[in-house]
Amino acid sequence: PLYTVLLGPWRNLAGGSSFTLRYFSLAFSTLTVALSAAVARKILNNSGDYAVAGLAALSPFQIYYAQEVVTYSFLGSLSLVSCWVLLRWLTNPPRRILALQSVLYGLLLYTHAAGLLVLSTHVAIVVTSHALGWLKVWMRRCRFESDAPLVSWAWVLPISCGGALFL
């Protein structure tokens, strides 16, 4: 329902025709291309960010849902912001990132039920990396500058706060 709530002020601002309503999805679809490059830059260390952005821009699903008045382009943008924040937290874990991630999880859950898949994937990444320690080794191979602890149980806080915001 969050997409519909945000679409109301957009309709008041831009008009109620189907042509102007589609620009709302187009804006988030364009943002998704830029966010996919930012997430790729965080993971691949500047080696494939333009290729990932190009693939995101040419994706048939991305092009199709950019033209529709549906929540999927907004969901993709929120998911990529959440992934970027998770990667940021893994390399440099300040507490304000946890608060931001809590809000993002709540927004994802309010946007679509598929937001739960993003949340569960992040939980799986954090728990697996904590249990096995493979993420720390991988991140050192990728030359992340931070020597901070990569995972902790503090990540339970934004997950539970995101769930509480959803309820």
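Both F24 and F28 are buried. These two residues offer a convenient point of entry into the structure, which is a predicted model. F24 and F28 both belong to helix α2, where they stand 4 residues apart, or about one turn of the helix. Their rings form an aromatic pair of the edge-to-face kind, with 5.1 Å from centre to centre and 85 degrees between the planes.

F28 also takes part in a second pair. Together with F74 it forms another edge-to-face arrangement, in which the centres are 4.7 Å apart and the planes meet at 75 degrees. Because F28 lies in helix α2 and F74 in helix α5, this pair ties together parts that are 46 residues apart in sequence. F74 is buried, as F28 is. The picture can be widened further, since ring pairs link Y3, W10, F24, F28 and F74 into a cluster. The count of aromatic pairs in the model comes to 8.

It is useful now to step back and consider the chain as a whole. How many helices and how many strands does the protein chain contain? There are 9 helices and 0 strands. Read along the sequence, the pattern is therefore α-α-α-α-α-α-α-α-α. The chain has 167 residues, of which 38% count as buried. Its accessible surface comes to about 9500 Å², and 69% of that area belongs to carbon and sulfur atoms. Among contacts between residues at least 6 apart in sequence, 68% join residues at least 24 apart.

The interior may be approached through the largest nonpolar core. This core has 25 residues, and F74 and L108 touch the most other members. Helices α1 (2–14), α2 (18–44), α5, α6 (95–111) and α7 (115–132) each supply at least two of its residues. Which helix gives the most to this core? Helix α5 does, with 9 residues.

L108 repays a closer look. Leaving out residues up to four places away in sequence, L108 touches L75, L78, S79, S82, G115 and V118. One of these partners, S79, can be examined in turn. S79 is found in helix α5, which covers residues 72–91. Is S79 buried or exposed? Its relative accessible area is 14%, and because the cut-off for a buried residue is under 20%, S79 counts as buried. Apart from its neighbours within four places in sequence, S79 is in contact with L108 and V118.

Another serine, S29, is found in helix α2. Its relative accessibility is 6%, so S29 counts as buried. When residues up to four places away in sequence are not counted, S29 touches Q62, A66 and S73.

Helix α5 also contains T91. This residue has a relative accessibility of 8% and therefore counts as buried. T91 and K42 are 49 residues apart along the chain, yet their C-alpha atoms are separated by 9.6 Å.

Charged side chains provide the next topic. The structure holds 1 salt bridge. It is formed by D49 and R41, whose closest N and O atoms are 2.9 Å apart. What is the burial state of each partner? D49 counts as buried because its relative accessibility is 5%. R41 is partly exposed, since its relative accessible area is 37%.

The account ends at the surface. F19, Y23 and L26 make a nonpolar surface patch of about 320 Å². Of these, L26 lies in helix α2, the helix that also holds F24 and F28. L26 has a relative accessibility of 36% and so counts as partly exposed, whereas F24 and F28 are both buried. Helix α2 thus contains the partly exposed L26 as well as the buried S29.

How values were computed: Residues numbered from 1 in each chain as written. Predicted model: local features only at pLDDT ≥ 70, side-chain atom pairs only at ≥ 80, totals over all residues. Heavy atoms only, no water. Buried < 20%, exposed > 50% of the residue type's maximum accessible area, 1.4 Å probe, protein only. Contact = heavy atoms within 4.5 Å. Core = buried A, V, L, I, M, F, W, Y, C linked by side-chain atoms within 4.5 Å. Patch = residues over 30% accessible without salt bridge, like charges linked within 9 Å, V, L, I, M, F, W, Y side chains within 5 Å. Areas by Shrake-Rupley, 256 points an atom, 1.4 Å probe, with all protein chains shown as cover. Salt bridge = Lys/Arg side-chain N within 4 Å of Asp/Glu carboxyl O. Phe/Tyr/Trp six-rings, centres within 6.5 Å; stacked < 30°, edge-to-face > 60°.
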